[in-house]
Amino acid sequence: MTLGYYKTVIISCLIPKVISAQCRAMKYQDNLRRIFVLTGLGLIAATGLTQSALAEDAYKIVKSTQTMGTGGIDYVYADNEGGRIYVPRGNQILAFDLTTLEPAGSITNTGGHGVAVDPKTHHGFSSRNPITMFDTTTLAVIKEIKVEGRPDGIMFEPATEKIYVLSHEAPNVTAIDPKDGSIAGTIDLGGAPEQGASDGQGKVYIDLEDKDQIAVVDAKTMKVTAHYSLDGKGGGPAGLGLDAKNHILFAMCHEPATCVILNADDGKVLTSLPIGTGTDGGGFNPNTMEAFSSQGDGTLTIIKETSPTTFEVAQTVKTKSRAKTCTLDTKNNRIIVIATEPAPASANAATPAPTTPPADAGQGGGARRGGRGGRGGPGFLDIMAIGK
């Protein structure tokens, strides 16, 4: 046999093996490509699900309503026990269903800045001078109560079951017994109050806009026991939230636009976080462990408390311009914000503006917060429920 013969035999034996190896390599590469494609598709699908889940978990306007009317607005109040929302506007108090936001009646020839309700007696109070006391079941006026000072904010203090009327002039707090409307006493805070929060155990915290402080009040003695400084972290506090369980305060400030977070026991500043501009309301939802602040720039800031020492801005929700006050709807786990916007020219022509302004129309809320919004002619009242 020649050398050529052996070469031919060797080549004929090797070629099938080489071809087989190449085929196996091609199949391996093909399988790799398939794996990469399937993995990519899986990642895309997973990302889509994550984005969908994030969208579902994000706060947004879940319900809103518009009503035409006249006059300015200031605060909004959710009566969670009675299932209603109250908005003083012009010379009346408007009532809305807490869940549907549909109109539920009104109280005329009154008005004011805000409303607070005692859940036991079902008596409501509107902050003006004189204070309007009304029945929340029938919306009938019970009586009017003359007070001193310049009423602005108002709150219900559950530990002593008193209505606190907050005034920018002395006396800074007038306490009213909601059973009969009698004045139970007054408190000198040493500054102009904006919003208060009670821990339900006898301590009340009230932010002082002109002093950049939070006053601590013993509800039983009706005496100020401390003043907490914001230490230059924020100025002109307006909204106030309180995590009563962990003793954390959230002061929503104007200058700069910041939420200053403090220890409620000693006033130590823990941290500060940015919020939108023009805050005039805030609070804390213990169900979600989140503080919130509504701003006139058309945003709602959500601050997550992941621990008593860890906080972060979780979301900034787009609302509407001038939606600067808010209230917590615990029944539906939503935040309610309100705003007014001008009516179309045709509506302005059809609905004349009132010739006599409400008695408290001149009572502003201070230069920093801008007082009652939307004074003047006809316009829409927007009520927005923010939820998930």
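This passage walks through the overall make-up of a protein model, then its largest pocket, its cavity and one buried residue.

The model described here is a predicted one. Its secondary structure comprises 28 strands, alongside 2 helices. The protein has 388 residues, and 48% of them are buried. Contacts also reach along the chain: among those with a separation of 6 or more, 49% join residues that are 24 or more positions apart. On the outside, the accessible surface comes to about 17700 Å², and carbon and sulfur atoms account for 55% of that area.

A good place to start exploring is the empty space. Rolling a probe the size of a water molecule over the atoms reveals where such space is left. The largest pocket holds about 1300 Å³ of space. Its lining is made up of 43 residues, and those nearest the centre of the pocket are Y77, F156, G196, T327 and L328. Several strands take part in this lining: β2, β6 (115-118), β10 (151-157), β14 (193-198), β18 (239-243), β22 (279-285) and β26 (325-329) each contribute at least two residues. The most generous contributor is β22, with 6 residues. Sorted by class, the lining of the largest pocket contains 21 nonpolar residues, 15 polar ones and 7 charged ones.

Besides the pocket, the structure contains 1 cavity of 30 Å³ or more. About 50 Å³ of space lies within the largest cavity. The residues that line the largest cavity are Y59, N285, T288, E290, F292, I302, N333, R334 and I335. Two strands, β23 (290-295) and β27 (334-342), each provide at least two residues of this lining. By class, the lining of the largest cavity has 4 nonpolar, 3 polar and 2 charged residues.

One residue rewards a closer look. D74 is found in the loop that connects β1 (60-70) with β2 (77-79). The relative accessible area of D74 is 2%, so this residue counts as buried, the cut-off for that label being under 20%. The side chain of D74 has a polar partner: a polar contact at 2.7 Å links it to the side chain of H113. The strand that follows this loop, β2, is also among the strands that each supply at least two residues to the lining of the largest pocket.

Terms used
Residues numbered from 1 in each chain as written. Predicted model: local features only at pLDDT ≥ 70, side-chain atom pairs only at ≥ 80, totals over all residues. Heavy atoms only, no water. Helix = DSSP H or I, 4+ residues; strand = E, 2+ residues; numbered from the N terminus. Buried < 20%, exposed > 50% of the residue type's maximum accessible area, 1.4 Å probe, protein only. Polar contact = N/O pair within 3.5 Å; in protein donor to acceptor, adjacent residues only side chain to side chain. 1 Å grid on protein atoms, 1.4 Å probe; cavity = no way out; pocket = protein on both sides within 12 Å on 5 of 7 lines; lining within 4 Å. Points joined across faces, edges and corners; volume = space filled by probe spheres on them. Nonpolar A, V, L, I, M, F, W, Y, C, P; charged D, E, K, R; others polar. Contact = heavy atoms within 4.5 Å. Areas by Shrake-Rupley, 256 points an atom, 1.4 Å probe, with all protein chains shown as cover.
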